[in-house]
Amino acid sequence: MTTTHLDNLATAALQDVLIDVAELASQAKQAHWNVRGATFLSVHRWLDELAEALRGHADSLAERIAALGGWPDACSETLSERTTLESLPFGRLATGQALAAMDAGLERIAAVATSWLDNPAVGHDPVTADLLTGVCRDVQIQQWFARAQQ
Ligand SMILES: [Fe+2]
């Protein structure tokens, strides 16, 4: 398979989304461990499910980059340099604080993916567009879960 200019734009789009998805997966685990409050158990469990779902998306995004001839990068240095997400505070997180942080992170992922889908070069690559649309679809459901628990 030869790599074209359109493939390069698609891999740039996938890489941008991968960074925020991988960062939020890490933050969801961090919140899973540090959340406290009256609804601890349900929020603790949901945060684990969210981390797992985001890891699945990260894997799909990374493997599509590789299939297009690119080099997926979700190493910690890249995440800390390039994520558009706010970092989580150290230590105890109240349930509302953890849920609001996840809601904001999910919002960012949807915004980054949607802005790339608006780029005709990415929107017209049906497989990449389908993948990014799938990420948006799941992220918006997870946002509903985050908001419904507050
Ligand atoms: Fe756990």
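Does Trp144 count as buried or exposed, and at what relative accessibility? In this predicted model, Trp144 has a relative accessibility of 56% and therefore counts as exposed, since the term applies over 50%. The residue contributes to a nonpolar surface patch of about 310 Å², which is made by Ile141, Trp144 and Phe145. Of its partners in the patch, Ile141 is placed in helix α6, which covers residues 126-148, and counts as partly exposed because its relative accessibility is 39%. Phe145, with a relative accessible area of 32%, is likewise partly exposed. The structure holds one aromatic pair, and this pair is formed by Trp144 and Phe145, whose rings are tilted, with 5.2 Å from centre to centre and 50° between the planes.

Helix α6 also contains Gly134, which is buried, its relative accessible area being 16%. Although Gly134 and His57 are 77 residues apart in sequence, their C-alpha atoms are 8.8 Å apart in space.

With regard to the chain as a whole, the UniProt record, an unreviewed entry, places the feature "domain: Ferritin/DPS" at residues 12-149. Over residues 12-149 the chain is 78% helix and 3% strand, and the C-alpha atoms at the two ends are 34 Å apart. Helix α2, which runs over residues 40-67, has 28 residues and should span 40 Å at 1.5 Å a residue; the end C-alpha atoms of the helix are indeed 40 Å apart, so the expected and computed values agree. After α2 comes Gly69, which has a positive phi, near 95°.

Charged contacts form a further part of the description. Side chains of opposite charge can pair when their charged atoms come close. The structure holds five salt bridges. In one of them, the side chains of Asp16 and Arg82 meet with an N to O distance of 2.6 Å. Because Asp16 belongs to helix α1 (residues 5-34) and Arg82 to helix α3 (residues 76-82), this pair ties together parts that are 66 residues apart in sequence. Asp16 is partly exposed, with a relative accessible area of 25%, and Arg82 is also partly exposed, with a value of 42%.

A salt bridge is also formed between Asp48 and Lys29, whose closest N and O atoms are 2.5 Å apart. Since Asp48 lies in helix α2 and Lys29 in helix α1, the pair ties together parts that are 19 residues apart in sequence. The two partners fall into separate classes of accessibility, for Asp48 is partly exposed, with a relative accessible area of 27%, whereas Lys29 counts as buried at 17% relative accessibility, the limit for that class being under 20%.

The side chains of Asp125 and Arg64 likewise meet in a salt bridge, with 3.3 Å from N to O. This pair links distant parts of the chain, 61 residues apart, as Asp125 is found in the loop between α5 (120-123) and α6, while Arg64 is found in helix α2. Both Asp125 and Arg64 are buried. Finally, Asp103, Glu107 and Arg147 are joined into one network by salt bridges that share partners.

Technical notes: Residues numbered from 1 in each chain as written. Predicted model: local features only at pLDDT ≥ 70, side-chain atom pairs only at ≥ 80, totals over all residues. Heavy atoms only, no water. Patch = residues over 30% accessible without salt bridge, like charges linked within 9 Å, V, L, I, M, F, W, Y side chains within 5 Å. Areas by Shrake-Rupley, 256 points an atom, 1.4 Å probe, with all protein chains shown as cover. Salt bridge = Lys/Arg side-chain N within 4 Å of Asp/Glu carboxyl O. Helix = DSSP H or I, 4+ residues; strand = E, 2+ residues; numbered from the N terminus. Buried < 20%, exposed > 50% of the residue type's maximum accessible area, 1.4 Å probe, protein only. UniProt positions renumbered as here; feature names shortened; annotations may be inferred. Expected span 1.5 Å × (residues − 1). Phe/Tyr/Trp six-rings, centres within 6.5 Å; stacked < 30°, edge-to-face > 60°.
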